[in-house]
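The following exchange concerns how charged side chains are classified. Each reply sets a value against its criterion.

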Amino acid sequence: MRRRQVPPLPKRHGLDPARLRLPEEGSWATIRDHLVERLPRVAAARIDEMLAAGSIVGLEGPIGPDAVYMPGGAVWFHRDLPQETAVPFEITIVHRDADLLVIDKPHFLSTIPRGQHILETALVRLRRDLDLPDLVPAHRLDRATAGLVLFVVDPARRGAYQTLFQRRRVHKEYRAVAPVDPLLSLPLTIRSRIVKERNIIRAFETEGEPNAETRVELLEQRGGLGLYRLIPHTGRTHQLRLHMNSLGIPILGDDFYPELTDKPVGDFTRPLQLLAATLEFTDPVSREPRRFDTTRTLEAWADPLRWATFDGAAPR
């Protein structure tokens, strides 16, 4: 297996620098000319600033403003960070040892950097706050969902734990709060075909061979609402949200299903009432059984009035 090239720039905010390989063929006279064409979203003036500051580097050191183009070479730099809204909720550490870190992620915090969420993500916070620069997630939760996420501390163990999730050898249970339909016979297992197209924010169900399966159980009910246990046997994008919606009982606080709501990034009111509650598996290193349970509760069940009126100003 080809060894990964060590970046000539250190991590910043726990993030590796971006690497751009320079094409073998091209008519650019300088590296600067190529970068201006290659990075249309970055102003040419900004590229000039970075070159002048020595913050774009090759294996031999900083790239000068007039550096001749090097076919097949590579350059590294740290991308400018977007303006981010601080997520005012803390991460809870559930378990930590030499191999694993298990956290309880709050609602509204992305697992990994993506798009407009970089510093305000679980991965970057944990790398920085715990001084774990090589930390990586074995799986992920979407930004709206709270609950358990497993990270790998030791890079040598990364493949073993990630493979557990890829091969569906982890038993996962979720809790959700949603309306109760007295005509719906539960428990049941729902199977459907879910498709998520690139650059389209919502997934959807369609005809064809099922690729998603969820068991739905009603644990308790009161006041027209139910506390549900959801057990996914597959891991499609938005699977639990789509399956609950298709049953006519969409999860409380869902801004995607049945209708897409344009909720501002900084609006921390009425979070999605979906919680990753349990992770259970046989450890691929020690061969011992492992089970982790959430420390969180779903507010629409524990305190419905507070959930409905919460203004986003304090941690949950």
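Q: Why is the pair Asp97 and Arg290 called a salt bridge?
A: In this predicted model, the closest N and O atoms of Asp97 and Arg290 are 3.1 Å apart. The criterion is a side-chain nitrogen of Lys or Arg within 4 Å of a carboxyl oxygen of Asp or Glu, so the pair qualifies as a salt bridge. Asp97 lies in the loop between β5 (92-96) and β6 (100-105) and Arg290 in strand β15 (residues 289-293); the salt bridge therefore ties together parts that are 193 residues apart in sequence.

Q: What makes Arg290 buried or exposed?
A: The relative accessible area of Arg290 is 15%. Because buried means under 20%, Arg290 is buried. Its partner Asp97, with 25%, is partly exposed, because that class covers values between the buried limit of 20% and the exposed limit of 50%.

Q: How do you know that Glu217 and Arg215 meet in a salt bridge?
A: The N to O distance between their side chains is 2.7 Å; the limit is 4 Å, so the contact counts as a salt bridge. Glu217 is buried at 13% relative accessibility, whereas Arg215 is partly exposed at 27%.

Q: Why does the contact between Glu299 and Arg306 count as polar?
A: The two side chains make this contact at 2.4 Å. A polar contact requires N or O atoms within 3.5 Å, so the distance meets that cut-off. Glu299 lies in helix α6 (residues 299-302) and, at 12% relative accessibility, counts as buried.

Conventions
Residues numbered from 1 in each chain as written. Predicted model: local features only at pLDDT ≥ 70, side-chain atom pairs only at ≥ 80, totals over all residues. Heavy atoms only, no water. Helix = DSSP H or I, 4+ residues; strand = E, 2+ residues; numbered from the N terminus. Buried < 20%, exposed > 50% of the residue type's maximum accessible area, 1.4 Å probe, protein only. Polar contact = N/O pair within 3.5 Å; in protein donor to acceptor, adjacent residues only side chain to side chain.
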